[in-house]
Structures are given as C-alpha cells and as structure tokens.
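Here is a short note to read beside the model. Keep the structure open and follow the points in order.

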Amino acid sequence: MATPPNVSSADFNRAIAAWKQTVGADWVFTAPEDVALYRDAYSPYWGEPEERVASGAVAPSTVEQVQAVVRTANQYKIPLYAISTGRNLAYGGSAPVYSGSVVLDLKRMNRVLEVNERNAYALVEPGVNYFDLYEHITKAGLDVWIDPPDPGWGSVIGNALDGGGGWTASPFRDHFGAHCGMEVVLANGEIVRTGMGALPNSKSWQHNRWGFGPWVDGLFRQGNYGVVTKMGFHLMPRPECMQTLTVRAPRDEDLIPLVDTLNLVENQHVVNGSTSLGGGQPGAGGPAGPAGWSVTMPIYGPEKVVRAQAEYVKEKFAKIAGSTFTEGELIRTPLDAAALARVRKTSFGIPDLSTFGLLGRNAANPSPPGGHVDFSPILPRTGEAVLEFMRLYREKLPELSENGALRILGPVFMTNWDRTMVALLMFPIGRDPQMNGRMRNAFRKWVELCAERGWGEYRAPAVFQDDVAKVYSYNNHALRRFRETIKDAVDPNGILSPGRYGVWPKHLRKS
Amino acid sequence: MLPPNVSANDFNRAIAAWKQAVGNEWVFTSDEDVALYRDAYSPYWDEPEERKASAAVAPNSLEEVQAVVRTANQYKIPLYTISTGRNLAYGGSAPVYSGSVVLDLKRMNRVLEVNERNAYALVEPGVSYFDLFDHITKNKLDVWIDPPDPGWGSVIGNALDGGGGWTASPFRDHFGAHCGMEVVLANGEVVRTGMGALPNSKSWQHNRWGFGPWVDGLFRQGNMGIVTKMGFHLMPRPEAMQTATVQGTREQDILPLLDIMNLLENQHVVNGSTSLFGGLRPPGAQGGGALWTLQLPIYGPERVVRAQMEYAQEKFAKIPDVRFNAGELFRTPLDAATLNRVRKVSFGVPDLSTFAMLGRNPANPAPPGGHIGFSPIIPRTGESILEYLRFYRENLPTVSEGGTLRFQGPVFMTNWDRTMVAMIMFPIGRDKVMNAKMRGAFEKWVHLAADKGWAEYRAPAVFQDLCAATYSYNNHALRRFRETIKDAVDPNGILSPGRYGVWPKRLRKA
C-alpha cells in the first residue's frame, strides 16, 4: 500500500481506521486495484514515475462525514484531493495533482436538494451529475433547462469549479458565473455558507449571489481553499425555440469584420447561443477554397424574438462583401424524438456523451487506447489576433510537431465563452512513454511561446498546472504569492488539494 | 486628532513621508480640510461616535499609492480608501474606523482605455461616470456606460461598494460587469488579477476569470487591498428602448405578475432595469385604481424590442384584468429635446437629479437633511412581497414610535437580477435625539428582518457591524473565514479596518 508523502504508515493506518469509522469500511479504498480506478486515463505520464497517483480514496456521503474525514486528514497532515465525480477528462480526471494524496471522492453525495421552477434555480451536492439533474427535472415535469457540457456524466459542481462550460445560452453556459451560493468545508472541518446563505434560515441563498461583505466564492474556482459540499445554480427557463445562423466569408482578411460583427451581436446580447468560428485550418479550405471562415450563431428565445434577432444579425453581416448568410432550421421546444435524433443534444439542454463516448474510460472500455490533453490559450477576441495565432502556428508547427510526427490537432478557435477567444490545440496522449514525453515537451513549448505573446491558458491538465501558473508572473508572481498567503492562512497544514492550479502550501513550495 | 494607538511622533513621521511621496498640498491635516471628509448623512453627526478621519492623503499614481501604504504599514496607521467618496447614504467619504487616514484616490482619474470593438473600459479609481461619459462622447465611441444615481461617483468605487445602475443587464451589476483589477496590497505590492497576471497580457479586459483561484471578489465590499485599476465590460449602444407598464388591481395579482416578470427576465427577454410600485393603498381607498405597477424597459434593435414587447404582452395577458401598455419607443442616440423628458441614466447619460437636492455640493456644503437606506433582500416572489407588507404594517407602529419616525418605503427594488430588495429610507438630520431614535429603529428593522431570513445587501458604514452580525451561520463562520484571510494579507490591519464588518485581529472584540 502506498502512503502519502511524509506520513508514517502508523499514522496513515490510524487515519484509515478513523475514516472507516466515519464513512463505513466499504467506502475507504486502499487496495491497489481500487485505487487504480482513480488514475487519469489521459495522463501524459501514464506508467511513468511522475504519473500523479493516489495513495487511497475515501467516499463520504454527507457533509458531516466530509467534516470528519477532513478533520482526520488535518490531524495527521494527510493531503486530500477532492473530486466530485472525477470526470474532468483531458484536464486531469480523478487523479490528484500531488502524488500520494488521498482522493476525497464526493460521488455519493448525489442529492438534488432543490429545483425551483418559478425562480429557475437548483441547489445540488457535488456528486450530482448532469444526467441526475436532468432526470430530476424531467421526472418532476419542471419547465427549466440545464446547461450540459460535453461530459454529461460529470458533476455539475465539479464542472463549475474546474472552470468548465456548456452549450446553451449565455449567461448560463459559464458554469461558475451562473452559480449562486455555496456551502464549503474548510481545512479545519468547519462549514461556511457564502452569499445570502450565511444568514441562518436564509430565504434568498439562490436568489442573490453577492451577499454582504467580501465575496469569497471565487477562491473555490480552480482552487484548493475548501471542499464545496453544496452549490446553487441559476437555470434557464425553457426557451421556446432555437435557430442557428451561419455566415461564411472566403478571404483571410474577412475574419476581421466577421469577428467584429460577431462581437457586436453577442455583446448586445442579440445572439445568446454558444457561437463557433470555423476555418483557418491549414490545408482545409485555404485562401482559394469556397469558404475560408465560418461563424455559427445559435439564438434561443421566443419564436418571434428569434426571427427578429436573425433578421438583425443578417443585416449586420450583410455589410461584409462576399459573405453568405444562412438561416438554419428553426427548432421549437420541447423537441420530439425525431428532432432530437438529428440535433446536438447538449445544445438543447440534454446531457449526452457523444463527444466522450468514443474516447473516454467507461464500463465497456476500462482501458481506452488513447486520450488527449488540451492546450487552451486565451487570445483577444479579434480577427487580427486569430490571424496572428495562425501565423505563429504555421511558423512553429514543423519544429514543435517534429515535422508532423506529433499529431497535434487544431487550432480550434472557441468563442463559446463570452467575450473570450480560446485557440485550442489537442495533444493525443497514449500509452507510449516515449511519445508522451515528446508531447509533454511540445505542450510546454506552446505554453512559453504563447506567454511571450501575451496569451495565457484558462485551464490546464493537472500535470501542466504549474507550468501554466508560472507564466502568470506579473510583478514577480505577485498573484501566486497572494494566493499562497491565503492558502497558508486558511489551510495551515496544506491538506486540501495541494498544488491545484499552481497553489502549493508552504511546506511543499520550492523556495 | 491622532489615529488610535499611534504616537504623535510616529504620526508626524508618517505625514512627513506622505508629503514627500505625494507633495505637501495633497496631505490634509487641518481641521477644515479633514472636515470635508465627514459623512453629511452620518446618523451620529456631531456625536462622539461619529466616524471621522484624522487626516487625508491624495496620491496621484500607482507608485504614490504604494509609497503611502508602505508608510502606513510601517507605522501601523489605519487607512480608509475612497475613490471619490460619493457613497452617499452608505457612509460617504468618512471611515468606518474613527481616526483612520482617508486615502483619497480622486486624483487618479485617468481613463486608460476605452475599446469600442470589444466594448470595454479600463479606468483608475478617481474616474467618475461623468469623466468616462465625456471621454466616450469626445472620442465618438459607440458604447454606453451604465450610470447609477450619483453620476459624480467613481466607476470603480460604485462597483466595489456593490452599486448598480439603470440600463441593461448584465451591465448594471457593476461588480459583476467588471473584468480585471490591479490592486495594491497592505505591504505595498501590486497584484494584477485575471488575465492581467500575465505580463504583456492581451486579454485582461476580455476574460475575467484567468487561471486559478479568482481573488477579485475579496475586494468587493472588502478591505483586503486597494484597487488602482479596474476593467469594465460596456454595452454597445442599443438602437432602441421601450418600457412596458403592467398594472394589476388586486392584492393577489402580485403573485402571477411577479412570476411572469421573473420568467421574462430570466429568459433575458426583458433586459432593462425593472421596477415594481404599489402594495400600499392609502387608508380608506377602496379598489378602483391600480394596486401594483410593473415597469419593464427593453433595450435592443427596434424590431427585436417590438417582438419582445409582443411576447411580454402575451405572457401578461394570461392574468385576468391586467392592463398592459407598451410605452413610447425611443431610438438612440436621443436628440436634446427627447433627452430632456426622459430619465437620463436609463439612456447611459450620467445625471445628478436624484442627488442634487439632497447631497452635499459646493453651493450647499452642509445640507439640512440626508437619508440612509435599509436594504434587505427578500425572495423574488409575490408571496414574499405580501409577507413583507404584512410584516411592515404589523411592526411599523412600534418601530416608528407611533408614526413619529417618518420612514419612507417600502420601495421594492427589482433592479438587481433575480433579487428583490425591500428598501426603507430613514431621514437623517442634525437633531441628535431624532437621529438616535432613527438608529434604534434601524437596528430593530435589521433584527426583525433577520428573524424572517431577510438580510441586507449593503449598509451605511455605522451599521455594517450590525448587518454583518446577522450573517451568523455556524457561529459566524463566514466572518471568521474572512478574518483569517484579512489577518494573513494585512497583518497590521491598516486597510479600511471594519469595512463591512471585517476587523483586523488587534481591533476585534474577543
């Protein structure tokens, strides 16, 4: 049995005994075959000494049990790594950032505590996944939508805390931004409720997110200052219909007015769906091809409003000479089975696994042959920035891909985040340590190249979180040091998810 | 006057250092200068408990702020940061902790960038809504700002105090619409948040979250640092605006009225700052006129606004006997004649009409009367409104001392997304006996509301401890968590001690 770093086996055994007492012997995992289930199937260090692996796992089913587990960990200074359902695939999965941590697996806390249709919100526990919440709403016949991301089996809370997003309308698809109120267990085992929830018997915990005084919720986003045990989310009342508009423009330089116009209609909130930008792929289409760039814009709302918005959008894009505008089918909700079969379900608030079904670990395929990790730098949302990224990519790809031997996929220009442009590259990860090593080097070089140009990532796989955090170095890493000061104060033994997003407790920091 | 627990020698040394840092004329110690920082609306006016500054210092640059803070930290002198000090009705420019030195950022009034294509601004704390509006107008940029009532107030200060404006969602939640900060910590170090932590960042005002734990929230109604730059998302000028008015006559109409308004707002079909009037029929009046009036402004392209209006009308038509009136449709930009007959702030034009009569201004340095706002959040349902009205009627005779304390309200504010604030205004004047009665009544309302599960989103400086104390879940766990952070990031407790109930260790009551 592996033990956590700097913890004696006697102490570890005492902790395990205490945890078994707390959560039941069935829910403390120490056997190698059980703990192996927490490995990250997409780890770029798979099977190598640097692979981040857990020493054990414990799965409480109530907030009181979480408190007890954390108190025991704090007593013996055992690092915990909190996961909700552990489906953060391509960004670290269920494996800890700090090897030897005990995974605090919250999957059993899967209660939908409230879905309020009139005020359109939900309050859930961390083990609730998008399928669970969807089923709860469907069974209860409530007329609200959820906003699923690609991994529908993922946790609603976990996705929000990792900085994830979904595919329906703004502002709901920024999952952290759409949350309202939290309950958090601190490193000392105490429970804090944020926002209006700090008022005992509060009647508006899921109505107003800010509450009174400094807002601490942000600390738990991509953070390690506490274990979130409840979280509220604003939901979208079912929109009556959805229509997707597509604009194509042939020339490279058309991209500039295309993105400007897209920004305008999104910033006016006339287009509220998750837009996408196609094109720019080396070799695909190309300058002489039929369409260099395309912009896809879903609009959600009442039918007459959507039609008026589509007309307005059409007029705005008509100013770009040579562009073509297509109105897609107007789809009324709720969708019938036939319509559902031909649409992307997540765009209609229905969780699905189509993106992950092929790649991910699942019951039928416990050891998938291949995975990927994502490199996600944020560019300014302008055509110029996209073109600059393309030039950089074309210029550096031969060298960084080892003349194509590393089959890096991308760039995909993602406009799903409000006002944000992410230039995503996907790195295939497999079981070949030698190839994985080359992918890791390439990943790290892209991080540096982008940082030199003022572009930094919004999210990163666990093993690259230090690399990425390091480029956010303004004023000699002042932001990191500020976060460390807070970390040391609220988690003095450094037991909660050490290293997550580059925040290490004092005893584990390199000086 | 000296700051508490600071020797005259140390204070003099600090003042000398500050004069060196910012220039003699920008350090204020004379009684008449320091008196300008008094809160004209203080409920303790001229009483020993009035919160007063010992001095003020006004730096002009980030580097000067750093130097001032380092000196304060060295001598453990409490600073109270203000941007322009116009947080009237919530404390003005006076410190929460008496004897603090006001750190007045009004000179840092540079509009650093307004980007029309990506619709954002980056400003310093001394930039008022008028300043930003002038900058945008002069440069003919086709973006709107979102002004609150006090147009002379700071864009940054208003956001950090939890203020809001009157145009469309999501822009009118000022803290929510911000994107990126620069902050000076208690040790004088500069932190940039979000994408700004990347040197040479190109997207500081594009994406607010950045990478890793998001610290910006700590500076909202907070005292963990001094914000010296802040970005804001702006709204591209909407082509039109139209306001629907919906009226219901029966008390119970408020239930479906509010449910439909919630639906329309949560669908983002109605995006303007809605309002709800009514609920209290004058004694003796029976039936007849409207008991409830909703106003729903919609901003957007003309044809979209018209479609949204039709949709809203259909939804409200399901309530029997409800009257729906789509108001005049205004096209922007407004001409001068039109601008004169509308509420300017609803069209992105800063204005002082709400405050001009009440506030302190050069022509009227000591106004006879002010007010403070009691602002509890209740659930956004008709049932809560009716419950609040019953509660108000039931308690009013006692709390108002048989009507001698002339509260105004309740005003049900629906300007915050998904939030209902049941505001009561308390007149504050120069009569100490009356002010004391008002304070007693304010305290009673806070406790009575907290018992019902309703608490404030904002409070005047002198009542921040009182309101913070009601947020007591798990033996004040949230307050203690904030205190732990406060002690770590500001170990000498020099930054705005007591703001929103967060006191540094040495000033906490055990």
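**Notes on a predicted two-chain model**

1. **Chain A overall.** Of the 511 residues of chain A, 59% count as buried. Please keep in mind that this is a predicted model. Chain A has 13 helices and 20 strands. Its radius of gyration is 23 Å, close to the 24 Å that the globule rule gives for 511 residues, so chain A is as compact as a globular protein of that length. Along the principal axes, the C-alpha atoms of chain A fill a box of roughly 75 × 55 × 50 Å. Now take the contacts in chain A between residues at least 6 apart in sequence: 69% of them join residues at least 24 apart.

2. **Domains of chain A.** The domain assignment splits chain A into domain 1 (9-107 + 489-508), domain 2 (112-237), domain 3 (241-333) and domain 4 (371-471). Note that domain 1 is written as two stretches of sequence. How far apart are the centres of domain 2 and domain 3 of chain A? Taken over C-alpha atoms, 31 Å separate them. Their contact takes 5 residues from domain 2 of chain A and 4 residues from domain 3 of chain A. On the domain 2 side there are 2 nonpolar, 2 polar and 1 charged residues.

3. **Domains of chain B.** Chain B is divided into domain 1 (8-106 + 488-507), domain 2 (111-236), domain 3 (240-332) and domain 4 (371-462). The C-alpha centres of domain 1 and domain 2 of chain B lie 23 Å apart. Here 27 residues of domain 1 of chain B are in contact with 23 residues of domain 2 of chain B. On the domain 1 side, helix H3 (62-75) and strand E3 of chain B each supply at least two residues. H3(B) gives the largest share of that side, 6 residues. By class, the domain 1 side divides into 14 nonpolar, 8 polar and 5 charged residues.

4. **Where the chains meet.** The contact takes 89 residues from chain A and 88 residues from chain B. Several elements of chain A each supply at least two residues of the side that touches chain B, among them helix H6 (255-267), helix H7 (303-317) and helix H13 (474-490). Which element of chain A gives the largest share of this side? H13(A) does, with 11 residues. By class, the chain A side has 45 nonpolar, 30 polar and 14 charged residues.

5. **A sheet in chain B.** Four strands form an open sheet in chain B, in the order E1-E2-E4-E3, with mixed pairing. Why do two of its strands have a side without a neighbour in the sheet? Strand E1 (27-28) and strand E3 (79-82) of chain B stand at the edges, each with a single partner strand, so one side of each is left without a neighbour. Strand E2 (residues 55-57) and strand E4 (residues 101-104) of chain B run parallel, joined by 3 bridges. Within this pair, B:Val57 stands opposite B:Leu103.

6. **The nonpolar core.** The largest nonpolar core has 301 residues. A:Leu80, A:Leu104, B:Val57 and B:Ala455 touch the most other members. Setting aside residues up to four places away in sequence, A:Leu80 touches residues including A:Val70, A:Ala73, A:Leu104 and A:Ile495. In soluble globular proteins, nonpolar side chains tend to be buried together.

7. **A hairpin in chain A.** Strand E18 (residues 409-414) and strand E19 (residues 421-429) of chain A pair in the antiparallel sense over 4 bridges. A:Met414 stands opposite A:Val422 in this pair. The two strands form a hairpin with 6 residues between them. In the turn, A:Arg419 has a positive phi of about 65°.

8. **Backbone points to check.** Most residues other than glycine have a negative phi, and most peptide bonds are trans. A cis peptide bond joins A:Ser170 and A:Pro171, with omega about 5°. A:Pro171 lies in the loop between helix H5 (156-161) and strand E8 (179-185) of chain A. Another cis peptide bond joins A:Thr333 and A:Pro334, with omega about -10°. A:Pro334 is in the loop between strand E15 (324-332) and helix H8 (337-341) of chain A.

9. **Two positive phi values in chain B.** B:His476 has a positive phi of about 60° and sits in helix H13 (residues 473-489) of chain B. B:Ser496 has a positive phi of about 40° and is found in the segment after H13 of chain B. Buried or exposed: how does B:Ser496 count? B:Ser496 has 25 C-beta neighbours inside 10 Å, so it counts as buried. B:His476 has 17 inside that distance and therefore counts as partly exposed.

How values were computed. Residues numbered from 1 in each chain as written. Chains lettered and ligands numbered in written order. Predicted model: local features only at pLDDT ≥ 70, side-chain atom pairs only at ≥ 80, totals over all residues. Pairing = 2+ DSSP bridges. Contact = placed C-beta atoms within 7 Å. Nonpolar A, V, L, I, M, F, W, Y, C, P; charged D, E, K, R; others polar. Domains from an automatic or database assignment. Rg over C-alpha atoms; globule rule 2.2 N^0.38 Å. Buried ≥ 20, exposed ≤ 12 C-beta atoms within 10 Å, placed from the backbone. Core = buried A, V, L, I, M, F, W, Y, C linked by C-beta atoms within 7 Å.
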